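Dear colleague,

I am passing on the structure we spoke about, together with my notes on what I found when going through it. Please have the sequence and the model open beside this message as you read.

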Amino acid sequence: MSDVKPQANACPPHVYRPKKPLGVVGGMGSLATAKFLQALAQKSGADTDQDHVPFIALSLPNISDRSHAISTGSNAPLRQILERAKWLENVGCGAIAIPCNTAHFWSSNIADALSVTFISIVDVTRDFIHRHTHEDLDNLRTIVLGTQATIQSELYGSSKVDWGDTAGEVELIQQNAAIIIDDVKSGDIAIARLKMELLIKRARKLNPDVIILGCSELSAVSGGINRGSDVVDPVDVLASACIAWFRSDVWPN
């Protein structure tokens, strides 16, 4: 009789364990992180608790202001973001997502520093728009609402369409979006939601092909305004991409 005992954690080769959890670098800002996690849950199509996408969210909000750092040439936020992303990688996350548009100014640096998948909010949003319009983003009449750094660094490209006499109105709309972002960060949520609704109506009067909510604070107070096909919420797109990553396959035991 054999004295070899089966290992407690042994399982047949055809048995698979779930994929590693998603890692979320949060805190930029905290409400925006909550919006992403809510979207992740609501869009998962799960019937039970066990069917939801597992994740580990690290929300340490003491990350240097991304817009200020970009304008001054500082990489302080990058170092802080990488500390958090590497921590998530080291505790066993299989992919990293960051629900902050401006942080993706350092997207290539972040991806290069990780040995796991980095799901870029900018890349998946660009792909989403291309699949739905069959056009490159640069060839569309696009209004990007976001921080000054996001717009100036052209994270979502630079529309080649000449806005003509309405170019000044586009700039004013973008400036007002920056004010709403500050409202959200300071906790004036009700006011921010009202302003956001009015701003989208104002932007739609210019008949753009797409309006991109290029700041997660704007996503957090967007409510139902993004139900139209002309408004794209990158936070929602990122949530869908993360779910697709998790559902794509399983890891053999």
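I would begin with Gln 174, which lies in helix 7, the helix that spans residues 167-185. Please keep in mind throughout that this is a predicted model. Is Gln 174 buried or exposed? Its relative accessibility is 16%, and because buried means under 20%, Gln 174 counts as buried. Once its neighbours within four places in sequence are set aside, Gln 174 is in contact with Val 144, Leu 145 and Ile 151.

Two of those contacts lead to a sheet, since strand 6 covers residues 142-145. This sheet is open and is formed by three strands in the order 6-7-8, with parallel pairing. Strand 6 and strand 8 (231-232) stand at its edges with a single partner strand each, so one side of each has no neighbour in the sheet. Strand 6 runs parallel to strand 7 (residues 210-213), and four bridges join the two; in one of these pairings, Val 144 has Ile 212 of strand 7 as its bridge partner.

A second open sheet is built from four strands in the order 3-2-4-5, and its pairing is parallel as well. Here the edge strands are strand 3 and strand 5 (117-119), each of which pairs on one side only, and from one strand to the next the twist averages 20 degrees. Within this sheet, strand 2 (residues 22-26) and strand 3 (residues 55-59) pair in the parallel sense over five bridges. Val 25 stands opposite Leu 58 in strand 3, while Gly 26 has Ser 59 of strand 3 as its bridge partner.

How many of the five residues of strand 2 are buried? The count is five of five, so that the strand is mostly covered. In a regular strand the side chains alternate between the two faces of the sheet. In strand 2, Leu 22, Val 24 and Gly 26 are on one side and Gly 23 and Val 25 on the other, and with all of them buried both faces are covered.

Helix 3 lies across strand 2, strand 3 and strand 4 (95-97), and runs at about 160 degrees to strand 2. Leu 78 is found in this helix, which comprises residues 76-90, and with a relative accessible area of 10% Leu 78 is buried. Leaving aside neighbours within four places in sequence, the contacts of Leu 78 are with Trp 106, Asn 109 and Ile 110. Leu 78 and Ala 103 are 25 residues apart along the chain, and their C-alpha atoms are separated by 7.8 Å.

Turning to helix packing, helix 5 (residues 121-133) and helix 10 (residues 234-247) pack at an angle of about 95 degrees, with their axes 9 Å apart, which means that helix 5 is roughly perpendicular to helix 10. Helix 5 contributes Ile 121, Val 124, Thr 125 and Phe 128 to the contact, and helix 10 contributes Pro 234, Val 235, Val 237, Leu 238 and Ala 241. By class, this contact has eight nonpolar residues, one polar residue and no charged ones.

For the chain as a whole, there are ten helices and nine strands, and 46% of the 253 residues are buried. Of the contacts with a separation of 6 or more, 70% are between residues 24 or more positions apart. The accessible surface comes to about 13000 Å², of which 51% belongs to carbon and sulfur atoms.

With best wishes

How values were computed. Residues numbered from 1 in each chain as written. Predicted model: local features only at pLDDT ≥ 70, side-chain atom pairs only at ≥ 80, totals over all residues. Heavy atoms only, no water. Axes fitted to C-alpha atoms, helices over the stretch in contact; angles between N-to-C directions. Parallel < 35°, antiparallel > 145°, perpendicular 65-115°, else oblique. Contact = heavy atoms within 4.5 Å. Nonpolar A, V, L, I, M, F, W, Y, C, P; charged D, E, K, R; others polar. Buried < 20%, exposed > 50% of the residue type's maximum accessible area, 1.4 Å probe, protein only. Areas by Shrake-Rupley, 256 points an atom, 1.4 Å probe, with all protein chains shown as cover. Pairing = 2+ DSSP bridges.
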